[in-house]
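Trainee: I should like to discuss the architecture of this entry with you. May we begin with how its helices pack?

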Amino acid sequence: MNILIINGPNLNLLGKREPSVYGHRDFEDYLEELRKKFPADTIDYYQSNVEGELINALHAADGNSYDGILLNAGGYTHTSVAIRDAIGAISTPVVEVHISSILAREEFRHESLLAPKCLGSIMGFGLDSYRLGVLAVKK
């Protein structure tokens, strides 16, 4: 399978940003471990802090023979109608992924605008949420 992971704003700071919430590992280190757990699959990765670039990545992925997309849109999860519309406009299934449980955080984070357009949502399992997302795409 071909899977694309798209990470949104501030996720380039994993390992440095709020380690009590997001842990001490950077994503690139975890990505190598994830790829080793799924050696038969291709797992590509894209990260941007810019909303429009995330939308462009979703559009491009749809025409690139990906079987699924794992999307951690960060703070855009709660604010971006445009990313929601992009998910709804593509045929590639998208699994929403969050490292922390958005339901256990500040009230403004409790609602995901993206979830209704996604295949499903996985949250609260730390970086292991991505492994669970891969399993969800592979079903």
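Trainee: At what angle do helix 2 and helix 5 pack?

Mentor: Please bear in mind that this is a predicted model. Helix 5 covers residues 128-138, and its axis lies 10 Å from that of helix 2. Helix 2 passes helix 5 in a right-handed crossing. The angle at which helix 2 and helix 5 pack is about 35°.

Trainee: How many nonpolar residues does the contact of helix 2 with helix 5 have?

Mentor: Helix 2 contributes Phe27, Tyr30, Leu34 and Lys37, while helix 5 contributes Asp128, Tyr130, Arg131 and Val134. Of the residues in this contact of helix 2 with helix 5, three are charged and no polar ones occur. The nonpolar residues number five.

Trainee: In what order do the strands of the open sheet run?

Mentor: The sheet is open and has five strands, with parallel pairing. Its edges are strand 2 (42-47) and strand 5 (120-123), each of which pairs on one side only. The twist averages 20° from one strand to the next. The strand order is 2-1-3-4-5.

Trainee: Which residue of strand 3 is the bridge partner of Asn7?

Mentor: Strand 1 (residues 2-7) pairs with strand 3 (residues 68-72) in the parallel sense, over five bridges. In strand 3, the bridge partner of Asn7 is Asn72.

Trainee: Which strands does helix 2 touch as it packs on the sheet?

Mentor: Helix 2 comprises residues 27-37. Its direction makes about 165° with that of strand 2. The strands that helix 2 touches are strand 1 and strand 2.

Trainee: Why do the buried residues of helix 4 line one face of the helix?

Mentor: Helix 4 spans residues 81-89, and its buried residues are Ile83, Ala86 and Ile87. Seen down the axis of helix 4, these buried residues share a limited range of directions, so they line one face; the arc they fall within is 100°.

Trainee: Which elements are included in what covers those buried residues of helix 4?

Mentor: The residues to be covered are Ile83, Ala86 and Ile87. Their cover includes one helix and two strands, namely helix 3 (51-62), strand 3 and strand 4 (94-98).

Trainee: Does Val81 count as buried, partly exposed or exposed, and what is its relative accessibility?

Mentor: Val81 is found in helix 4. The C-alpha atom of Val81 is separated by 7.9 Å from that of Leu114, 33 residues apart along the chain. Partly exposed lies between the limits of 20% and 50%. Val81 therefore counts as partly exposed, at a relative accessibility of 48%.

Conventions. Residues numbered from 1 in each chain as written. Predicted model: local features only at pLDDT ≥ 70, side-chain atom pairs only at ≥ 80, totals over all residues. Heavy atoms only, no water. Pairing = 2+ DSSP bridges. Helix = DSSP H or I, 4+ residues; strand = E, 2+ residues; numbered from the N terminus. Axes fitted to C-alpha atoms, helices over the stretch in contact; angles between N-to-C directions. Contact = heavy atoms within 4.5 Å. Left-handed = near helix turned anticlockwise from the far one by under 90°. Nonpolar A, V, L, I, M, F, W, Y, C, P; charged D, E, K, R; others polar. Buried < 20%, exposed > 50% of the residue type's maximum accessible area, 1.4 Å probe, protein only. Arc of directions from axis to C-beta.
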